[in-house]
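Grab the coordinates and work through these exercises with the viewer open. Try each task before you read its solution.

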Amino acid sequence: MTERRAILSGSTFEERIGYARAVVDGDRVHVSGTTGFDYTTMTISDDVVEQAEQCLRNIEAALSEAGCTLADVVRVRYLLPDRADFEPCWPVLRRRFGEVRPAATMLVCGLADPRMRIEIEADARRRV
């Protein structure tokens, strides 16, 4: 049987809603939609670029606990309420994923909290 385990970040949302920041399922790691909240302080910047950077730090922490890095990401989804906010994030995304080149999708949709300006979801493959 393949390994399946939940990775928790300490976000209050995980407990209140009932989900895990990430799930390791064999050699696959599925990272939930991750926003720009700093989960240690439960604060969020007003700036979309800073939120994108924090999203990626949060994703990196979950991947690290799963034995991965951003270099192992094979699929990423960007969710934004305002399409105009996406292009300012491109330099951050290019810096972190430019060599990795995961499959990617950007969707315009509402997010759970009006302070959230970007949410990023990722799937990675562990090198076991």
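**Exercise 1. Work out how strand 6 and strand 7 pair, and over how many bridges.**

Solution. This is a predicted model, so you're reading computed geometry throughout. Start with the direction of the two strands: strand 6 and strand 7 are parallel, and 6 bridges link them. Next, pick one position to check the register. Ala104 of strand 7 is the residue facing Val76.

**Exercise 2. Trace the sheet's strand order and find its edges.**

Solution. Walk across the sheet and you get 1-2-3-8-6-7, an open arrangement of 6 strands with mixed pairing. Now look at the ends: strand 1 (4–7) and strand 7 (103–108) have a single partner strand each, so one side of each has no neighbour in the sheet. Going from one strand to the next, the twist averages 10 degrees.

For the antiparallel part, go to strand 2 and strand 3, which are joined by 4 bridges. Val23 has His30 in strand 3 as its bridge partner. These two strands make a hairpin with 2 residues between them, and in the turn Gly26 shows a positive phi of about 65 degrees. Then step over to strand 8: strand 3 pairs with strand 8 through 6 bridges, again in the antiparallel sense. Here Val29 sits opposite Ala124 of strand 8.

**Exercise 3. Which strands does helix 2 touch, and which does helix 3 lie across?**

Solution. Take helix 2 (residues 48–66) to begin with. Helix 2 packs on the sheet, in contact with strand 1, strand 2 (22–25), strand 3 (28–35), strand 6 and strand 8 (119–125). Its direction is at about 155 degrees to that of strand 3. Helix 3, for its part, lies across strand 6, strand 7 and strand 8, and runs at about 165 degrees to strand 6.

**Exercise 4. Describe the largest pocket: its volume, its lining and where the lining comes from.**

Solution. Volume comes first: the largest pocket holds about 240 Å³ of space. Then list what lines the pocket: Val76, Tyr78, Phe86, Trp90, Leu93, Arg94, Phe97, Gly98, Arg101, Pro102 and Ala104. Sort that lining by type and you have 8 nonpolar, 1 polar and 2 charged residues. Finally, map the lining onto the fold. Strand 6 (73–80) and helix 3 (86–97) supply at least two residues each, with helix 3 giving the largest share, 5 residues. Val76 and Ala104, the facing pair from the first exercise, both turn up in this lining.

**Exercise 5. Is Asp72 buried or exposed, and what does it touch?**

Solution. Locate Asp72 in the loop between helix 2 and strand 6. Its relative accessibility is 9%, and buried means under 20%, so Asp72 counts as buried. Leaving out residues up to four places away in sequence, Asp72 is in contact with Asp123, Ala124, Arg125 and Arg127. As a last check, compare sequence with space: Asp72 and Arg126 are 54 residues apart along the chain, yet their C-alpha atoms are 6.7 Å apart.

Terms used
Residues numbered from 1 in each chain as written. Predicted model: local features only at pLDDT ≥ 70, side-chain atom pairs only at ≥ 80, totals over all residues. Heavy atoms only, no water. 1 Å grid on protein atoms, 1.4 Å probe; cavity = no way out; pocket = protein on both sides within 12 Å on 5 of 7 lines; lining within 4 Å. Points joined across faces, edges and corners; volume = space filled by probe spheres on them. Nonpolar A, V, L, I, M, F, W, Y, C, P; charged D, E, K, R; others polar. Pairing = 2+ DSSP bridges. Axes fitted to C-alpha atoms, helices over the stretch in contact; angles between N-to-C directions. Contact = heavy atoms within 4.5 Å. Buried < 20%, exposed > 50% of the residue type's maximum accessible area, 1.4 Å probe, protein only.
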